[in-house]
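Open the model in your viewer and keep the sequence beside it. The stops below are given in the order to select them.

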Amino acid sequence: MKRCPKCGSNSSVCDSREQGDRIMRRRDCTKLGCRTGWTTYEVDSSYIKHIQELHEKIKQLKELMTSI
């Protein structure tokens, strides 16, 4: 269960859609009076690993460029 980023209450999913390699979920706070809405994206863990590898390569390139 995702919590509201504003008040910390529970949330509910009001819309869910696949977008390529991820799932977009539109969420609303369930607390009366808060009415906060936000979007979350779910991706496969292999995608996260790929992004981490790219960040490491960028870091290495920056270090190489500063040493020249």
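**Cysteines, then the sheet**

Begin with Cys-29, a buried residue with a relative accessible area of 11%. This is a predicted model, so read each stop as a description of that prediction.

Keep Cys-29 selected and add Cys-7. The sulfur of Cys-7 is the nearest cysteine sulfur to that of Cys-29, 3.6 Å away, and Cys-29 is in no disulfide. The cut-off for a disulfide is a pair of cysteine sulfur atoms within 2.5 Å. By this rule the model has zero disulfides.

Next, select Cys-14. Is Cys-14 buried or exposed? Neither: at 46% relative accessibility, Cys-14 is classed as partly exposed. Now show its sulfur together with that of Cys-29. The closest cysteine sulfur to Cys-14 is the one in Cys-29, and at 12 Å the two are too far apart for a bond.

Now switch to a cartoon view and look for the sheet. Three strands form an open sheet in the order 1-2-3, with antiparallel pairing. Select residues 11–19 for strand 1 and 37–43 for strand 3; these are the edge strands, and each pairs on one side only. Neighbouring strands in this sheet are turned by 25° against each other on average, direction ignored.

Then select residues 22–29, which make up strand 2. How many bridges join strand 2 and strand 3? There are seven, and the pairing is antiparallel. Strands of a sheet pair through backbone hydrogen bonds.

For the last stop, select Ile-23 and look across to strand 3, where Glu-42 stands opposite.

Conventions. Residues are numbered from 1 along each chain as its sequence is written. This is a predicted model: local features need pLDDT of at least 70, side-chain atom pairs count only at pLDDT 80 or more; totals for chains, interfaces and linings use all residues. Side-chain values use heavy atoms; hydrogens and water are left out. Two strands pair if DSSP finds at least two bridges between them. Helices (H or I, at least four residues) and strands (E, at least two) are DSSP runs, numbered from the N terminus. Axes are lines fitted to C-alpha atoms, for helices over the stretch in contact, and angles run from 0 to 180 degrees between N-to-C directions. Buried means under 20% relative accessible area, exposed over 50%, partly exposed in between (1.4 Å probe, protein chains only).
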